[in-house]
Amino acid sequence: MKKNLLLFVLFLSLAKVWAQSEPSTYFNLYVPPNNDAVKRNVALIVTAIADSTVFTIEDDAMDNDSDDNVSGMLMAGQSYILYIKDNGINDDAQYASGGVLTRDGDYFIIKSNQLIYASMSTDSDWEHDFVPSTNKKSVGQKFIVYSPKVTSSLRDLNVFAYADSTTISIYKISTIPTTQTGYTNINWDTKQLVVQQNLKPGQDIIHYYTKGRDIMETGATYLIESNKDVSVQYGALWGNARDGGAYVPSLNGSASGELFYFAVPYQSNGEQEIRMFSWDDNNTVKLEYYFNNVWLTLSTKVLNKLGVTDWVGKQNGNATYPTVFRVTCNAGKRVSVMEANWMETGATNTSDMSTMLSSESGTSSGTKFVAYMLPPSKENNVINPFTKTFFIDNITHFYLYAGNKNTTVTIKDVKTNGLVLNKTYAIKAGRYADAFFTMNEWKSIYNGTGAATGADRPYVIIEATEHISVLSINFNDNWLNYFGTSLPQSFETLPSCSK
């Protein structure tokens, strides 16, 4: 018995815990400012999973200010909200606050003694992401979500089941709303049941059922629980749902796998966009949608390693499907999936979103990434913290966050393996680089025009000599994402919620 127990412990100590945009005890991340002076202020959100979580937020002084340093303790489900406009230096947009205006964002290093979420959001609609589970995976049975301010449409929740007879429950666990810098107020003993629903694969709570629409009070915190593994999508999913996107969780809990269920929020016909990346040769990738309790095929493509394929409603008869999608591939092989809207189907100078890239292994931390380059957005009112000057063109970014080792990162266009686009970055341990690209550079790998009138699509491969994480973002005025760590994934004791 003791021998078996020791073998079990050894197995756990060697096992990877897969996730993309996962809870962690360490994050290094950049929070950009809003380009537009529209009071869609930008906040960093740190949320605890377990009681007595000690955390520090270090505001790196590379930009000549460190006014947003914070240290404290959080209880399970509690968040610390940090608006970068506050504390004397306005690192956000013009008129966001009365502080000294720098509008260059902030680079933060966040540490904690127990697992925490780290996310950022603007006070607006038109943004969404998938929420990581408290188990350090992208799927699970427990999720915690803080809901920041909105513009006009309350935020929504959607849940996707992977097995029949899945029961989900959504509770509000906050006592009073928190919509400014500071600590949220949580009471698990007085939690209120908001939604309860039985689901099976193909059913969701935005389209099949409608209970997830407009259910999140501004400034409140919610707990999602289920009896079987699910994934959770959050943000503007119904009403003002244009813009936004994310990598989709797979059944294995990472963003690289064989089976995916998801919906694509949209505002008008044709605005749904689905991009699939294969990590293996001779991989049959199938995209389906759920209609009248059966799965109907939209596309089937055989992809080799690093092969990509897209389905965009605008390019397929202006089609739109208010339902659940499913992506599958060959058993034992892997694909990653990114859903979005209004990137190619909208106005490219204001179509903005933010997402952590999935590495080949499905984790945020890795050494190889294939990415769709988001269309550049207007950032003419933003100061580049590296140069102290304004960006002068529409810009899109890959923020490269080095882990605990110095690394060299190369970015090449996939089609020509770097003959058209090829850049290299040397990054010290714990630091970051801004790999930004202009409209002309984006067009150079997208048929020369930025229009879907040819065979090219704007995909790049990102390779690093050591583990990094990568944030893909074309920020303008609305975005939301959960961060992942740049450190290599390994097993550690995972605390469950204390309540």
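## Arg40 and its partner

Which residue's side chain meets that of Arg40 in a salt bridge? In this predicted model, the partner is Asp477, with N and O sitting 2.9 Å apart. Arg40 is in the loop between β1 (24-31) and β2 (42-48), while Asp477 is in the loop between β32 (459-473) and β33 (480-482), so this pair ties together parts of the sequence that are 437 residues apart.

Are these two buried or exposed? Buried is the label for anything under 20% relative accessible area. Arg40 has 18% relative accessibility, so it counts as buried. Asp477 has 11%, so it counts as buried too.

## Asn34, in the same neighbourhood

Now look at Asn34, which also has its place in the loop between β1 and β2. Its relative accessibility is just 2%, so Asn34 counts as buried.

What does Asn34 touch, once residues up to four places away in sequence are left out? Its contacts include both salt-bridge partners we just met, Arg40 and Asp477, along with Asn476 and Trp479. Others among them are Val42, Asp92, Ala93, Thr122 and Val382. Asn34 also has a polar link to Asp477: the Asn34 side chain reaches the backbone oxygen of Asp477 at 3.1 Å. For a contrast, try Gly450: from Asn34 to Gly450 is 416 residues in sequence and 24 Å in space, going from C-alpha to C-alpha.

## Two further pairs

Asp60 and Arg431 make a salt bridge as well, and their closest N and O atoms are 2.8 Å apart. You'll find Asp60 in the loop between β3 (53-59) and β4 (70-74), and Arg431 in the loop between β30 (422-427) and β31 (432-438), so the pair ties together parts 371 residues apart in sequence. Asp60, at 10% relative accessibility, counts as buried, whereas Arg431, at 26%, counts as partly exposed.

Then there's Arg155 with Glu127, where the closest N and O atoms are 2.6 Å apart. Arg155 belongs to the loop between β10 (140-146) and β11 (156-161), and Glu127 to the loop between β8 (106-122) and β9 (128-131), so here the tied parts are 28 residues apart in sequence. Both of these residues are buried.

## A network, and the total

Salt bridges can share partners too: that is how Glu273, Arg275, Asp310 and Glu344 get joined into one network. How many salt bridges turn up in a search of the whole structure? The count is 17.

Notes:
Residues are numbered from 1 along each chain as its sequence is written. This is a predicted model: local features need pLDDT of at least 70, side-chain atom pairs count only at pLDDT 80 or more; totals for chains, interfaces and linings use all residues. Side-chain values use heavy atoms; hydrogens and water are left out. A salt bridge is a side-chain nitrogen of Lys or Arg within 4 Å of a carboxyl oxygen of Asp or Glu. Helices (H or I, at least four residues) and strands (E, at least two) are DSSP runs, numbered from the N terminus. Buried means under 20% relative accessible area, exposed over 50%, partly exposed in between (1.4 Å probe, protein chains only). Contact means heavy atoms within 4.5 Å. A polar contact is a pair of N or O atoms within 3.5 Å; within protein, one must be able to donate a hydrogen and the other to accept it, and residues adjacent in sequence count only if both atoms are side-chain atoms.
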